[in-house]
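Here are some exercises on aromatic rings, each with a worked solution. Have a go before you read on.

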Amino acid sequence: EISLKYGAERLGKRQDADMKRFRDNRLGAFIHWGLYAIPGGEWNGEMYGGAAEWLKAWAKVPADEWLKLMEQWNPTRFNPKAWAKMAKKMGVKYVKITTKHHEGFCLWPSKYTQYTVAQTPYKKDILGEMVKAYNDEGIDVHFYFSVLDWSHPDYRYDIKSEEDEIAFARFLEFTDNQLKELATRYPTVKDFWFDGTWDASIKKNGWWTAHVEQMLKEMLPGVTVNSRLRADDYGKRHFDSNGHLMGDYESAYERRLSDPVKDLKVTRWDWEACMTVPENQWGYHKDWSLSYVKTPLEVLERIVHAVSMGGNMVVNFGPQPDGDFRSEEKELADAVGRWMSVNGECIYGCDYAGWDKQAWGYYTRKGKEVYMVVFNSPYSRHLVVKTPKDVKITKAVVLNGKEVGVKETARNEYNVDMPAKDSGAPFVIKLQIEDNTNAADKYREALT
Ligand SMILES: COc1ccc([C@@H]2N[C@@H](C)[C@@H](O)[C@H]2O)cc1
């Protein structure tokens with residue numbers, strides 16, 4: 001291994017109570033809310049199909065013109081209590097809020113820039129209202145923060161001159177000040193999720209990313225920080241030059257997940273994925289007909305897929321400029337919440353089971369209990385389960401339902417019966433397992 005000053009601060013998973021809470025929460029929601037919600041993907045009468053929070057880039061709008069949208073920021077239907085109730089009903093345990101996206105508009109009254117909610121008709125500290133409402137519902141709050149800031153004259157994409165050095169140093173100090181402001185004003189925040197950290201200017205300042213992680217952890221003991229913040233001495237990001245994960249969990253799975261059969265490496269560390277409901281919209285877009293919109297079932301499968309591989313899943317919501325949610329997102333929250341209210345125990349506090357994945361769905365595990373989350377029911381009416389060598393199944397019960405039969409069919413192979421009644425939706429079978437080390441082995445492999 002090479003010696004690094006700004007590489008991973010720790011090897012292996014964090015095992016303290018705050019990280020266990022982060023991990024056991026498993027299901028989160030993203031709130032992408034900013035000036036971009038106002039145009040909602042349309043500029044000067046032209047509709048852009050790209051991600052709505054990137055409209056400034058797609059329509060090539062200069063920063064000062066874009067920031068004039070502040071004059072229209074006045075979400076009259078914003079009701080933080082209703083937002084928190086919706087999240088509670090969906091069964092999310094935490095919400096990640098965009099405090100500042102690339103556009104540079106701050107949802108809190110930052111004193112380090114004029115582009116904040118305080119300088120809009122709304123005036124009030126909208127971030128503070130959200131933090132209080134979610135916390136009052138027992139929901140943790142995580143902060144999304146974009147280092148990339150299109151509103152700031154000192155931002156640099158690369159450092160190519162002495163002038164760049166000086167300007168970017170001012171920018172990093174500005175960013176430090178904003179982060180200290182967030183940590184001071186909202187001490188109940190549990191996590192910082194950094195975005196906008198891919199430019200050469202940041203990769204050339206790996207030291208600063210290590211400093212930010214340390215600064216936040218000194219100010220808020222226990223707080224978690226994502227890998228995307230971090231660059232090491234050589235500009236390596238997420239994993240340092242020795243291959244060690246930086247930050248507390250990997251955050252590279254944005255709108256994608258590892259294959260649960262062919263690519264199991266993520267099960268070795270903590271990670272969190274995030275996903276959009278349309279193919280690629282984080283901020284509010286007026287026209288969801290421009291791309292495929294995932295059904296609640298497809299969202300649910302991604303949640304289970306992530307947990308089955310030892311990760312968290314954050315489902316995105318892009319609130320309307322008036323502060324209400326679009327009907328598709330309300331319906332999604334409702335549908336996922338209904339399923340989670342019956343089956344949530346196969347998600348919360350669960351982890352990778354380490355069993356070979358089968359066609360009917362996914363395994364998750366909590367201690368000695370293994371959950372079968374069934375998405376695809378087989379014509380055979382039997383769910384094939386292959387257990388690890390020293391493990392036998394002693395019981396199988398449908399969550400919120402009845403016991404089902406389990407028949408051993410070969411060494412470490414079982415047929416688990418389908419529930420008698422088809423609920424027409426994915427269901428969960430909870431397996432009780434036992435150590436099977438000294439059982440007589442009545443099976444014989446063929447000589448070939
Ligand atoms: C250049 O590719 C991207 C893609 C997505 C992003 C941002 N990350 C997501 C979590 C959203 O905030 C999206 O705007 C930034 C750059």
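Ground rules: rings of Phe, Tyr and Trp (its six-membered ring) pair if their centres lie within 6.5 Å, with planes under 30 degrees apart counted as stacked, over 60 as edge-to-face and the rest as tilted. By this rule there are 31 aromatic pairs. The model is predicted, so local features need pLDDT of at least 70 and side-chain atom pairs 80 or more, while totals for chains, interfaces and linings use all residues. Residues are numbered from 1 along each chain as its sequence is written, and side-chain values use heavy atoms, leaving out hydrogens and water.

**Exercise 1.** Classify the pair Trp43 and Trp66, then place both residues.

Step one: the centres are 5.3 Å apart and the planes at 25 degrees, so Trp43 and Trp66 are stacked. Step two: Trp43 belongs to strand β2 and Trp66 to helix α3, so the pair ties together parts 23 residues apart in sequence. (Helices are DSSP runs of H or I, at least four residues; strands are E, at least two; both are numbered from the N terminus.) Step three: Trp43 and Trp66 are both buried, meaning under 20% relative accessible area with a 1.4 Å probe, protein chains only.

**Exercise 2.** Do the same for Phe143 and Tyr186.

Step one: with 5.7 Å centre to centre and 85 degrees between the planes, Phe143 and Tyr186 are edge-to-face. Step two: Phe143 lies in strand β5 and Tyr186 in the loop between α6 and β6, so this pair ties together parts 43 residues apart in sequence. Step three: Phe143 is buried, and so is Tyr186.

Definitions and conventions
Buried means under 20% relative accessible area, exposed over 50%, partly exposed in between (1.4 Å probe, protein chains only).
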